[in-house]
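Thanks for making time this morning; I would like to walk through one model with you, moving from the overall fold to the individual helices and then to how they pack.

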Amino acid sequence: MAKLRTLEDLFEHQLKDLYSAEKQLIEALPKMAKATEDAKLRKAFETHLEETKEQKARLEKVCELVGISPGRMKCKAMEGLVEEGEETIEEDAEPEVKDAGLIASAQRIEHYEIAGYGTAAHYAERLGHAEAAQLLRLTLEEEQKTDTLLNKLAKGYINQKAE
């Protein structure tokens with residue numbers, strides 16, 4: 001890996017990391033949806049899968065705008081978060097408890113993405129990449145909405161069913 005010398009270098013590194021994260025999540029979300037018992041939670045995972053595919057395409061556009069290739073970097077943080085989600089899927093647990101655990105895993109993923117997109121959007125703004133910043137903020141808002149939905153499902157009834 002080349003030495004990161006400027007904020008632009010760091011920004012490009014962040015974009016590649018986010019791109020890898022989205023690719024990994026596209027693989028993980030169908031497994032999470034299949035493992036859930038609750039229809040609303042399954043629908044949330046399925047909806048976010050489609051959104052994640054759009055976010056990946058949006059990142060490709062951002063990379064094009066700043067003149068880089070998203071590359072083949074592996075986001076190790078997302079790899080670990082996805083692995084934790086897979087462990088939840090494989091747990092010998094009551095369905096309601098597994099659903100609560102899947103929400104917890106998904107929210108960890110969302111919080112990671114919220115941090116990543118917030119940072120990348122700020123870097124883009126700072127570096128004068130206005131269109132890229134706008135696209136990154138759009139994804140940030142989607143991630144925040146997904147986190148809020150998961151929170152509502154958990155607090156609304158799923159955690160209560162798991163008691």
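From the N terminus on, the elements of the protein run α-α-α-α-α, with five helices and zero strands in total, where helices (H or I, at least four residues) and strands (E, at least two) are DSSP runs numbered from the N terminus. The radius of gyration is 17 Å, close to the 15 Å that the globule rule gives for 163 residues, so the protein is as compact as a globular protein of that length; the radius is taken over C-alpha atoms, and the rule is 2.2 Å times the number of residues to the power 0.38. Along the principal axes, the C-alpha atoms fill a box of roughly 50 × 25 × 20 Å.

Please keep in mind that this is a predicted model, in which local features need pLDDT of at least 70 and side-chain atom pairs count only at pLDDT 80 or more, while totals for chains, interfaces and linings use all residues. Residues are numbered from 1 along each chain as its sequence is written, and side-chain values use heavy atoms, with hydrogens and water left out.

Turning to single helices, helix 1 (residues 7-35) has 29 residues and reaches 41 Å from its first C-alpha to its last, close to the 42 Å expected, the expected span being 1.5 Å times one less than the number of residues. Helix 1 also carries a kink of about 30 degrees at Glu-27, shortly before the proline Pro-30; the bend at a residue is the angle between axes fitted to the seven residues ending there and the seven starting there. In helix 5, which has 32 residues and reaches 45 Å against an expected 46 Å, a kink of about 50 degrees is centred on Lys-155. Helix 4 (residues 95-126) is followed by Gly-128, whose phi is positive, near 85 degrees.

How, then, do helix 2 and helix 5 pack? Helix 2 (residues 39-66) and helix 5 (residues 130-161) meet at an angle of about 165 degrees, with their axes 9 Å apart, which makes helix 2 roughly antiparallel to helix 5. Axes here are lines fitted to C-alpha atoms, for helices over the stretch in contact, with angles running from 0 to 180 degrees between N-to-C directions; under 35 degrees counts as roughly parallel, over 145 as roughly antiparallel, 65 to 115 as roughly perpendicular and the rest as oblique.

By contrast, the axes of helix 2 and helix 4 come within 13 Å and cross at roughly 20 degrees, which makes helix 2 roughly parallel to helix 4.
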